[in-house]
Structures are given as structure tokens and as C-alpha cells.
Amino acid sequence: MAKRDVAEQVLDALGGKQNVKANDICMTRLRILTEQPDLVDMKKLRSIRGVLGTVRRGPNGVEIVFGPGSINEVSNDIVQLTGIQPSYSAFRGSSSAPEDSISVQINGHAPIPKAVRAAVAAKKPLASTRVESTANAEDDNEDDIDELASLLEATGAAGTKRLLVVNGPNINMLGVREPKIYGRKTYADLVRLCRKAAREAGFAECRCFQSNHEGDLVDVVQAAYGEFDGIVINPAAYTHTSIALLDALKSVAIPTIEVHISKVDEREDFRQTSYVRAACFETIVGMGLEGYRKAIKDMAQYLSEHDEDEKD
Ligand code: DQA
């Protein structure tokens, strides 16, 4: 079953997309605040393939636990279908706010413009990836579900390393933006490529974040501290201007690779300065979206060598 179908079924069981007030995700859970909790069909939710369990949180909250490999795609589809961006703050102070969530939602991107959406829609639906586990839990098994989720979060499905991919301003415009320089592939294509590359490189998790705002990028890098093992970053135009981003990367000291889609070293003079480079152990330019695949592979290699160093 395609992930998109899963998202549609989830929305149906939640009483329709109009019943979703806010959403957020943590490592294995999709968290939903509903308008009318009595419209939620918990049994239906649990019968959806890939759903490992469900928990009611507070008067309006529902958490849906997925395996680590599927949560990102399902939640992205939920965002697209509802048009509501993930928001940690919507859950703050409510009894459904998880203690372990970091303060910045790190699986979002700027709203995708209509033209980009249309480009995505014209393509085939997301590849149909089957979710292996179909184990369901009863309503009253909340503790078991919590334990299961923690276990999944602690161990990951493959390997234990977590990767954060950060993209800066206008990367959400891929596919429309200067195609001669950046190609025809969209941001959604890029996210798919990164997730696949990360899976193949053995990462337990790959989160993709994009924002047009410098402060958001600083926040997400700070929030990665203690949460992620490697960062692949294309700061886009902030590459050439942002000392704040350089300082954030230096502060967290997470191994980082800088990526640029275009041959930035052959372009205008003002693109020849990279502030973030001083915090990165590698820079990849001019390989198009494939540069991200290389960065992810190289990061996996770097982290495994680093682990070996630590064992010696
Ligand atoms: C870019 C290069 C930057 O100079 C530019 O501002 C971008 C994209 C790249 O990926 O080639 O937005 O980072």
C-alpha cells in the first residue's frame, strides 16, 4: 500500500481532514490535535497497515505509532493533505506534549508553492513501500505502546545513527527555480532521494528540514544537539552571509557536510564565500541532487570510521 493511501486512511479514521487542528511528529509517532475527539475511530486507526498502536492524549489528542521507516513519509503526506504544517507549539502546555520533543519541528519545509505542487502531482504517487509490522494494540495498552515507541526510538530499524538534512531558502522552489542551474527535480524528489540514500547507507533515521528563515535554520541546528549524529546542509544563500549558522554548527559540533546543487565555485563572486564551510569536514558542489546522495554516503563512512576510532 502506498504511503499516501496510509495517510488518507489515517485522516479518514480521524474523522476527516477538517477534524485535524494541529499535527506534530516525534521519532515514531504522529501526534494529532482534533477538533472533535468523538469523531476519531481508534479501531479503524489501528487496523491501518503500518500502525503499531494508538494512544489518546488529553481531551483532544491522539498519537499514532508507526515503525521508524514510515513515519516521515506518512506525516509529510498528512501535511500535504491537510495543508497544516507540523507545529510543536500547538501541543505545548497540552497534556499531549511529549517531554522528549525538541523545540523545533524538524521535519517540515516552507509551504510548497502551487506550481511545485502541480509538478509533484503530475508525477507518479509515492512508491508503494510496505510496512512490515501490523501488530496492533488495544486502547487500554497505552503503556505497552509507549514502551514500544521508546524501544523503536532507542534502537532504530537499521543501525543507530541519525541524520539531519537541512536546506535553506528557496530550496523548496526546486523544479521551478532556474532549472538550467538547479534542474527540474522538486524538493519532494530531493527528500525522497535523501531518505532512500540514508536507508541504503544504514542510517536509522533521516529527517529533512527546509526553511527560508535564517533563525529557523539556527534553531534546527541547535535542536540537533544530542539528537543527531550527522548533518548534511545546503544553507543556500545563507552560505554566503550567515555567521550565525556557522556559530550554531560550531556550537553543536556535529559532523557536518556542506552541499551545493550548482557549481557554486564557478558562479558569481559573491558566491565564493562560504561561512559555514569552516564547520564542515567536506563540501560537495555541482553534482545536482546527487550531491546529497554522495554526502549521505560519505557521512555514513565518516561516522563508522569515527566509531572505530573511539573503540581503539
Ligand atoms: C546553492 C548555491 C547558492 O549560492 C544559492 O544561493 C542557492 C543554492 C546551491 O545549492 O547550488 O540558493 O546553495
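**Entry 1: a pair of strands**

In which sense do strand 3 and strand 4 pair, and over how many bridges? I looked this up in what is a predicted model, and I found that strand 3 (residues 51–57) and strand 4 (residues 61–66) pair in the antiparallel sense over six bridges. Going along the pair, I noted that Gly 53 stands opposite Val 65, and that Val 55 has Glu 63 of strand 4 opposite. The two strands form a hairpin with three residues between them, and in that turn I found Gly 58 with a positive phi of about 65°. I also checked how well strand 3 is covered, and I wrote down that six of its seven residues are buried.

**Entry 2: the antiparallel sheet**

I then asked which sheet these strands belong to, and I found an open sheet of four strands in the order 1-2-4-3, with antiparallel pairing. Its edge strands are strand 1 (20–25) and strand 3, each of which pairs on one side only. On average, neighbouring strands of this sheet are turned by 20° against each other, direction ignored. Helix 3 (residues 71–82) packs on the sheet and touches strand 1, strand 2 and strand 4, and I noted that the direction of helix 3 makes about 155° with that of strand 1.

Within strand 2 (residues 29–34) I picked out Arg 31. Is Arg 31 buried or exposed? I take Arg 31 to be buried because its relative accessibility is 1%, and the cut-off for buried is under 20%. The side chain of Arg 31 makes a polar contact of 2.5 Å with the side chain of Asp 24.

**Entry 3: the parallel sheet**

Further along the chain I found another open sheet, in which five strands follow the order 6-5-7-8-9 with parallel pairing. Strand 6 (205–210) and strand 9 (282–285) stand at the edges with a single partner strand each, so one side of each is left without a neighbour in the sheet. The average turn between neighbouring strands of this sheet is 15°, direction ignored. As a reminder to myself, strands of a sheet pair through backbone hydrogen bonds, and the pairing may be parallel or antiparallel.

I followed strand 8 (residues 256–260) and strand 9, which pair in the parallel sense over four bridges, and I recorded Val 285 in strand 9 as the bridge partner of His 260.

**Entry 4: Glu 258 in strand 8**

Why does Glu 258, which is found in strand 8, count as buried? The reason is its relative accessibility, which is 0%. I looked for the partners of its side chain and found a polar contact of 2.7 Å with the side chain of His 260, as well as a polar contact of 2.8 Å with the side chain of Ser 274. Leaving aside neighbours within four places in sequence, Glu 258 is in contact with several residues, including Ile 233, Thr 239, Arg 277 and Thr 283. Ile 284 is also one of these contacts, and I noted that Glu 258 and Ile 284 are 26 residues apart in sequence but 6.3 Å apart in space, C-alpha to C-alpha.

**Entry 5: helices by the parallel sheet**

Helix 7 (residues 187–200) lies across strand 5 (162–167) and strand 6, and I wrote down that helix 7 runs at about 155° to strand 6. Which residues of helix 8 (residues 214–223) are buried? I listed Leu 217, Val 218, Val 220, Val 221 and Ala 223. What covers these buried residues includes strand 5, strand 6, strand 7 (230–234) and helix 9 (243–252).

**Entry 6: Arg 177 in a loop**

I next placed Arg 177 in the loop between strand 5 and helix 6 (179–182). Arg 177 is buried yet has no salt bridge, and the nearest side chain of opposite charge, that of Glu 178, is 4.3 Å away. For comparison, I kept in mind that a salt bridge needs the charged atoms within 4 Å. The side chain of Arg 177 does make a polar contact with the side chain of Tyr 182, at 3.4 Å. Beyond its neighbours within four places in sequence, Arg 177 is in contact with Pro 169, Asn 170, Ile 171, Tyr 182 and Gly 183.

**Entry 7: the chain as a whole**

Last, I looked up the totals, and I found that the secondary structure of the chain comes to 10 helices and nine strands. Buried residues make up 53% of its 312 residues. Among contacts between residues at least 6 apart in sequence, 75% join residues at least 24 apart.

Technical notes:
Residues are numbered from 1 along each chain as its sequence is written. This is a predicted model: local features need pLDDT of at least 70, side-chain atom pairs count only at pLDDT 80 or more; totals for chains, interfaces and linings use all residues. Side-chain values use heavy atoms; hydrogens and water are left out. Two strands pair if DSSP finds at least two bridges between them. Axes are lines fitted to C-alpha atoms, for helices over the stretch in contact, and angles run from 0 to 180 degrees between N-to-C directions. Contact means heavy atoms within 4.5 Å. Buried means under 20% relative accessible area, exposed over 50%, partly exposed in between (1.4 Å probe, protein chains only). Lys and Arg count as positive and Asp and Glu as negative; His and the chain ends are not counted. A polar contact is a pair of N or O atoms within 3.5 Å; within protein, one must be able to donate a hydrogen and the other to accept it, and residues adjacent in sequence count only if both atoms are side-chain atoms.
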